[in-house]
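User: I would like to go through this model in a series of questions, with the criteria behind each term spelled out as we go. Please take it as shown here.

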Amino acid sequence: MHINKIKIGDHFLLASTEHPSVNDWIRLHFKVIEPEHWDMTAPDLYIRISLGYGVPFESFDVQIRRDGDLIRYERADFLLETIDSYREAKLQAHDEIALKHGLMTLFSAFIVHHGWGLLVHSSCVVSNERAYLFAGPSGAGKSTVARLSHPREVLSDEATLIKIEPDRVLAYDSPFRSDSLSNYDKETRRLAAIHLLEQSLEIERTAIPMAETALRLMDKIFYWAHEPADTLKVLAMCRTLAKQVAGYRLKFQKNDLFWERIS
Amino acid sequence: MWKCARHMEAVEMDGEWIVMDAEKYVVTKLNAVGGWLYGRIRDGDGTEELVRGMTAEYGIDEDAARRDLLAFIDQLAEYGLIEHAS
């Protein structure tokens with residue numbers, strides 16, 4: 001049995017598996033706390049991971065069923081079973097894509113349920129010690145913006161991990177990436193602005209009202225609605241986020257000149 | 001008489017409102033007038049109170065207020081945000 005203690009955001013997960021390939025995958029993609037550095041802090045979430053489930057990826061649609069205290073997230077390529085506090089879970093996956101999406105599903109539901117924050121389909125880049133988020137529909141340029149922003153630090157290129165507090169919003173180094181791996185040496189930064197991307201022949205940055213920022217963010221949260229109480233937490237957190245962090249529509253060309261409009 | 005539909009939650013931000021169906025995860029943004037009206041219906045106002053409120057709030061005469069009100073109510077009901085109280 002391989003057991004890894006990993007850190008995501010402020011949380012510690014204890015992941016166990018019998019599969020060496022899953023162990024390698026976890027150690028490659030996550031910030032692993034080696035046993036000699038374990039302290040007495042109890043993990044926030046225990047997860048057991050196995051392979052051999054289902055078929056390769058077919059669609060993003062997840063079927064959610066509740067059976068007593070147990071919640072099942074079922075997709076063609078993974079089955080995630082968790083108790084309703086999201087403290088213990090079992091993930092059966094077909095391959096690495098299913099592993100990644102299953103863990104994102106679990107962790108996103110966990111942070112929403114506990115009112116900690118949100119996992120937002122977006123990239124996030126650091127400039128002058130502040131974090132800037134870039135969201136948009138598929139193909140809008142989220143990961144392109146991250147690549148064009150070199151040598152600035154990239155906190156995320158696919159799913160930004162943000163903690164939402166009453167008086168500040170923080171962006172964390174995200175392990176859920178598409179085109180890159182993190183070495184986890186990046187500091188957490190205050191989120192300074194949210195950009196909704198539009199590829200264009202010109203560069204233009206226009207402020208948008210709070211309600212529109214919140215509304216446009218809501219369909220970019222990695223969240224599969226099934227529990228009205230948790231769904232209301234998403235709304236409340238989007239509101240707190242939009243009240244503190246300015247939203248902009250950003251038209252950008254495929255170069256880094258857009259940074260002149262931001263910082 | 002109208003009431004807010006079940007499982008709806010509304011939040012106000014800078015004069016605009018977002019209303020969410022927490023069961024279906026469907027979100028609707030209302031303009032200032034729509035938000036004002038939704039808030040009053042949520043507080044339990046009936047049609048005549050809403051008409052009086054509109055004339056006072058927006059400085060329009062009673063006929064115009066009633067006409068606008070019915071149009072707004074039709075829209076809110078069409079989007080499933082409010083329903084008949086009875």
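User: Is A:F176 buried or exposed?
Analyst: In this predicted model, local features need pLDDT of at least 70, side-chain atom pairs count only at pLDDT 80 or more, and totals for chains, interfaces and linings use all residues. Residues are numbered from 1 along each chain as its sequence is written, while chains are lettered from A and ligands numbered from 1 in the order in which they are written. A residue is called buried if 20 or more other C-beta atoms, placed from the backbone, lie within 10 Å of its own, exposed if 12 or fewer do, and partly exposed in between. Because A:F176 has 23 other C-beta atoms within 10 Å, A:F176 is buried.

User: Where in chain A does A:F176 lie, and which residues does A:F176 touch beyond four places away in sequence?
Analyst: A:F176 is in the loop between β13 (169-172) and β14 (189-199) of chain A, where helices (H or I, at least four residues) and strands (E, at least two) are DSSP runs numbered from the N terminus. Its C-alpha atom is 12 Å from that of A:W25, a residue 151 positions away in sequence. With contact taken as C-beta atoms, placed from the backbone, within 7 Å, and leaving out residues up to four places away in sequence, A:F176 touches A:K100, A:M104, A:L119, A:E158 and A:A159.

User: Which element gives the most to the side of domain 1 of chain A that touches domain 2 of chain A?
Analyst: The domain assignment, which is automatic or from a database, gives domain 1 (2-114) and domain 2 (118-262) for chain A, and 24 Å separate their centres, taken over C-alpha atoms. Between them, 17 residues of domain 1 of chain A are in contact with 17 residues of domain 2 of chain A. On the domain 1 side, α1 (20-29) and α2 (96-113) of chain A each supply at least two residues, and the element that gives the most, with 8 residues, is α2(A).

User: What radius of gyration does chain A have, and why does the value agree with a compact globule?
Analyst: The secondary structure of chain A comes to 6 helices and 16 strands, 42% of its 263 residues count as buried, and its C-alpha trace spans about 55 × 40 × 40 Å along the principal axes. The radius of gyration is taken over C-alpha atoms, and the globule rule is 2.2 Å times the number of residues to the power 0.38. For 263 residues a compact globule would therefore come near 18 Å, and chain A agrees with this, having 18 Å.

User: Which residue in the loop between α3 (142-148) and β11 (154-156) of chain A is joined to A:H150 by a cis peptide bond?
Analyst: Most residues other than glycine have a negative phi, and most peptide bonds are trans. For the bond in question omega is about 10°, and the residue that A:H150 is joined to is A:P151.

User: A:Y86 and A:E129 both come up for their phi; is A:E129 buried or exposed?
Analyst: A:Y86, in the loop between β7 (78-83) and β8 (88-93) of chain A, has a positive phi of about 60° although it is not a glycine, and A:Y86 is buried, with 21 other C-beta atoms within 10 Å. A:E129 likewise has a positive phi, of about 70°, without being a glycine, and its place is in the loop between β9 (117-127) and β10 (130-135) of chain A. Because A:E129 has 10 other C-beta atoms within 10 Å, A:E129 is exposed.

User: How many degrees of arc do the buried residues of α3(B) cover?
Analyst: The expected span of a helix is 1.5 Å times one less than its number of residues, so the 17 residues of α3 (62-78) of chain B should span 24 Å, in agreement with the 24 Å between its end C-alpha atoms. In α3(B), B:A65, B:F72 and B:L76 are buried. Because the directions from the helix axis to their C-beta atoms cover so small an arc, they lie on the same side of α3(B), and that arc is only 40°.

User: Which elements of chain B do the buried residues of α3(B) pack against?
Analyst: On the other side of α3(B), B:D63, B:A71, B:D74 and B:E78 are exposed. The buried residues pack against α1 (32-42), α2 (47-58) and β5 (82-84) of chain B.

Note on methods
Contact = placed C-beta atoms within 7 Å.
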